[in-house]
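The exercises below are meant to be worked with the sequence and the structure side by side. Try each task before reading its solution.

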Amino acid sequence: MTEQVDPAPGVARPERRARPAAVSLAGAPALRLIPKTDVPQSAKDFKSDQEVRWCPGCGDYAILAAVQGFMPQLGLKRENIVFISGIGCAARFPYYMNTYGMHSIHGRAPAIATGLASTRPDLSVWVVTGDGDALSIGGNHLIHALRRNVNLKILLFNNRIYGLTKGQYSPTSEVGKLTKSTPFGSLDTPFNPVSVALGAEASFVARTIDSDRQHLTSVLQAAATHPGTSLVEIYQNCNIFNDNAFEPLKDSTSKDEATIRLEHGKPIRFGIGGHRGVIRDAAGHLKVVDVDQVGQDALLVHDAHDEDPSTAFALSRLSHPETLDNTPIGVFRDVRRPSYESAMSAQIDTAIARRGLGDLQGLLAGKDTWIVR
């Protein structure tokens, strides 16, 4: 305990600033069917009793702390929150959350989460996956969850490497990457997870960085309140097998020049003093320019709610895969369309109204009977 010391004579006591009230997201449409808690919550309530077993310095620690700190804002009962993971370093996440959860099998977390979210609208369902888990063996499961628009939130930790299996190249590793499985350099063109999600018609797509707690939390808030599938790519550092993979976006001397922070309704400009910006050129392509040369009015205004994903996709292609120059972060797309489970529920209700509840035993037995002699 710190002893309270009176200020010296003639020195005013510093005014105590009231702690800002916690932001509650419980009233969001995406959360309306989930039971709310009447008990105040804190990050401590979402910390399990399990020992956190990631390598010291891993970016996963920062993400875990951000998620645990953000969860009380949802105002939901912990027994109605579920974290589902596949295989990999990120997949240990459910062990460390004091909620329900499941450590499933490689790449299949979106499929399992789809079944749960589709049949239990009273649950807040989160998927935690890695670039290897989600984009290799889990690629089909990921894109179909996105196109179906199931009401679940997918956090894709991207460290551009396989960490749990000790440093093989992954679907997001850059061309020429030297690893244990590519000793002469990777020949594969890497996936851009944001581009993949937009191509799969995801209704919410965002990108953030593990070490930027404020930005990470703001993106989590937007994802949680979105009705439908939210895909959040999180650039995450693996300090053992791929250290400093995103250093240009983290280093204080370079991050302002390399990072484009997308904000809905605002002109897209970045760099120290906002001297750089994004325009659409005569050919219809997006281009990074010097603002002084084109003027503020020429800049592209970011519209995350545009039904056409073309511009969001073009923004996702601005980043250089190796140097990370011109890397957009923030919400690329946030549009409303019916969620899978709401459409499924309506279809079932219509079928029942037309044909009745049905007879499961009769359906299994069928109308035809064979006697085998």
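**Exercise 1. Serine 195 and its partners**

Task: Determine which residues serine 195 is in contact with, leaving aside its neighbours within four places in sequence, and whether serine 195 is buried or exposed.

Solution: Before starting, keep in mind that this is a predicted model.

Step 1. Leaving aside neighbours within four places in sequence, the residues in contact with serine 195 are Phe313, Ser316 and Arg317.

Step 2. One of these partners is also joined to serine 195 by a polar contact, since the side chains of serine 195 and arginine 317 meet in this way at 2.8 Å, and a polar contact requires N or O atoms within 3.5 Å.

Step 3. Serine 195 belongs to helix H6, which covers residues 193-199.

Step 4. The relative accessible area of serine 195 is 6%, and because buried means under 20%, this serine counts as buried.

**Exercise 2. The chain as a whole**

Task: Describe the protein chain by its secondary structure, its extent along the principal axes, its burial and its charges.

Solution:

Step 1. The protein chain contains 12 helices and 11 strands.

Step 2. Its C-alpha trace spans about 95 × 60 × 45 Å along the principal axes.

Step 3. The protein chain has 373 residues, of which 45% count as buried, and its accessible surface comes to about 19,900 Å², with 54% of that belonging to carbon and sulfur atoms.

Step 4. Among the contacts with a separation of 6 or more, 67% are between residues 24 or more positions apart.

Step 5. There are 39 positive and 39 negative charges in the protein chain, and their mean positions are 6 Å apart.

**Exercise 3. The loop between S4 and H6**

Task: Work out which salt-bridge network involves arginine 160, and then examine the loop between S4 and H6, in which arginine 160 is found.

Solution:

Step 1. Arginine 160 forms a salt bridge with glutamate 174, and the closest N and O atoms of this pair are 3.9 Å apart. The two residues are 14 positions apart, and each is placed in the loop between S4 and H6, where strand S4 covers 152-158.

Step 2. The network of salt bridges links Arg160, Glu174 and Lys177.

Step 3. Arginine 160 and glutamate 174 are both buried; for arginine 160 the relative accessible area is 9%.

Step 4. The backbone of arginine 160 has a phi near 60°, which is a positive value in a residue other than glycine. Lysine 166, also placed in the loop between S4 and H6, has a positive phi as well, near 80°, but lysine 166 counts as partly exposed at 44% relative accessibility.

Step 5. Serine 186 lies in the loop between S4 and H6 too and is buried, with a relative accessible area of 2%. Not counting residues up to four places away in sequence, serine 186 touches Tyr169, Glu174, Val175, Gly176 and Lys177, and among these Glu174 and Lys177 are members of the salt-bridge network.

**Exercise 4. Two further salt bridges**

Task: For arginine 333 and arginine 336, find which acidic residue each one meets in a salt bridge, and say how accessible the residues of each pair are.

Solution:

Step 1. The side chain of arginine 333 meets that of glutamate 201 in a salt bridge with an N to O distance of 3.6 Å. Because arginine 333 lies in strand S11 (residues 327-334) and glutamate 201 in the loop between H6 and strand S5 (204-209), the pair ties together parts that are 132 residues apart in sequence.

Step 2. Arginine 333 counts as buried at 4% relative accessibility, whereas glutamate 201 is partly exposed at 39%.

Step 3. The side chain of arginine 336 meets that of aspartate 334 in a salt bridge of 2.7 Å, N to O.

Step 4. Here arginine 336 is partly exposed, with a relative accessible area of 49%, and aspartate 334 counts as buried at 13%.

Step 5. The count of salt bridges comes to nine.

**Exercise 5. Lysine 47**

Task: Locate lysine 47 and list what it touches, not counting residues up to four places away in sequence.

Solution:

Step 1. Lysine 47 is found in the segment before helix H1 (60-70).

Step 2. With those sequence neighbours not counted, lysine 47 touches Gln68, Tyr96 and Asn98.

Step 3. At 48% relative accessibility, lysine 47 counts as partly exposed.

Definitions and conventions:
Residues numbered from 1 in each chain as written. Predicted model: local features only at pLDDT ≥ 70, side-chain atom pairs only at ≥ 80, totals over all residues. Heavy atoms only, no water. Helix = DSSP H or I, 4+ residues; strand = E, 2+ residues; numbered from the N terminus. Buried < 20%, exposed > 50% of the residue type's maximum accessible area, 1.4 Å probe, protein only. Contact = heavy atoms within 4.5 Å. Areas by Shrake-Rupley, 256 points an atom, 1.4 Å probe, with all protein chains shown as cover. Lys, Arg positive; Asp, Glu negative; His and termini not counted. Charge placed at Lys NZ, Arg CZ, Asp CG, Glu CD. Polar contact = N/O pair within 3.5 Å; in protein donor to acceptor, adjacent residues only side chain to side chain. Salt bridge = Lys/Arg side-chain N within 4 Å of Asp/Glu carboxyl O.
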